[in-house]
Amino acid sequence: MEYKKTAIEGVYIIEPRVFADARGYFMETWKEEEFCRHVGPVKFIQDNESKSSRGVLRGLHYQQGEWSQAKLVRVIRGTVLDVAVDLRRTSHTFGQHVMVELSEENKRQFFIPRGFAHGFLVLSDEAIFTYKVDNAYRPQAEAGVRWNDPALGIDWPIEPAEVLTSEKDLKQPLLKDAVLFE
């Protein structure tokens, strides 16, 4: 796998080596020793999966404090635009984001460390999205930032009226009012 650093420290795009022939393909999607050598030690404890249709926007989510989560995400069907927003108040990239297209074709993975909000927009008719997390979900630690906050400058390639999101995500605070990381 190739580990590509992004403009924000700690966020990586991971390109797998795909071995394809007439039968299909084979690739490694997780190799702890290699991951730790390039990114650092992360102990993933749970895998999650979601299925969504075109126009669904999930995010921008995170968990606060001791329940913060690092995530390793990928798409096994369809295409999404995935975004990580730096919420580390003391970071020189605070409020900035990294955006990457993840698809079943490019097979990229995206590593989002703790201290970031995360979300994605489905670009295909449907998408199956999987991710590893390094901490358990705790409802009391749940937090978010509004996906369309102008302060974030995220250029979502969809008309706002076409976005399908949850009622909870529509009510998330703007960055200036969000709970942040130190």
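Here is a short conversation about a predicted model, covering its sheet, its cores and its empty spaces.

Visitor: Happy to be here! In what order do the 5 strands of the open sheet run?

Guide: Welcome! The pairing in this open sheet is antiparallel. Its edge strands are E9 (97-103) and E13 (142-144), each pairing on one side only. Neighbouring strands are turned by 25° against each other on average, direction ignored. Reading across the 5 strands, the order is E9-E8-E11-E6-E13.

Visitor: Which residue in E9 is the bridge partner of alanine 84?

Guide: Let's start with the two strands, E8 and E9, which pair in the antiparallel sense over 7 bridges. Strand E8 spans 79-86. For alanine 84, the bridge partner in E9 is valine 98.

Visitor: Now to the interior: which residues have the most contacts inside the largest nonpolar core?

Guide: That core has 21 residues. At least two of its residues come from each of E6 (57-63), E8 (79-86) and E11 (116-122). A second, separate core of 18 residues includes Ile8, Val11, Ala84 and Phe116. Back in the largest core, the residues with the most contacts are Leu60, Tyr62, Val85, Leu87 and Trp156.

Visitor: Which element gives the largest share of the lining of the largest pocket?

Guide: The largest pocket has a volume of about 500 Å³, and 27 residues line it. At least two lining residues come from each of strand E5 (46-53), E6, E11, strand E12 (126-133) and helix H2 (167-170). The largest share, 6 residues, comes from E6.

Visitor: And which lining residues lie nearest the centre of that largest pocket?

Guide: A good one to look up in the structure. By class, the lining divides into 9 nonpolar, 13 polar and 5 charged residues. Nearest the centre of the pocket lie Arg58, His61, Lys71, Tyr131 and Tyr137.

Visitor: What about enclosed space: what volume does the largest cavity have?

Guide: The count comes to 1 cavity of 30 Å³ or more. E6 and E11 are the elements that give two or more residues to the lining of the largest cavity. The volume of this cavity is about 40 Å³.

Visitor: Last one: how many nonpolar, polar and charged residues are in the lining of the largest cavity?

Guide: Let's meet the lining residues: Tyr62, Gln63, Ser68, Gln69, Lys71, Ile112, Phe116 and His118. Among them, Tyr62 also belongs to the residues with the most contacts inside the largest core, and Phe116 is included in the second core. Sorted by class, the cavity lining has 3 nonpolar, 4 polar and 1 charged.

Methods. Residues numbered from 1 in each chain as written. Predicted model: local features only at pLDDT ≥ 70, side-chain atom pairs only at ≥ 80, totals over all residues. Heavy atoms only, no water. Core = buried A, V, L, I, M, F, W, Y, C linked by side-chain atoms within 4.5 Å. Buried < 20%, exposed > 50% of the residue type's maximum accessible area, 1.4 Å probe, protein only. Helix = DSSP H or I, 4+ residues; strand = E, 2+ residues; numbered from the N terminus. 1 Å grid on protein atoms, 1.4 Å probe; cavity = no way out; pocket = protein on both sides within 12 Å on 5 of 7 lines; lining within 4 Å. Points joined across faces, edges and corners; volume = space filled by probe spheres on them. Nonpolar A, V, L, I, M, F, W, Y, C, P; charged D, E, K, R; others polar. Pairing = 2+ DSSP bridges. Axes fitted to C-alpha atoms, helices over the stretch in contact; angles between N-to-C directions.
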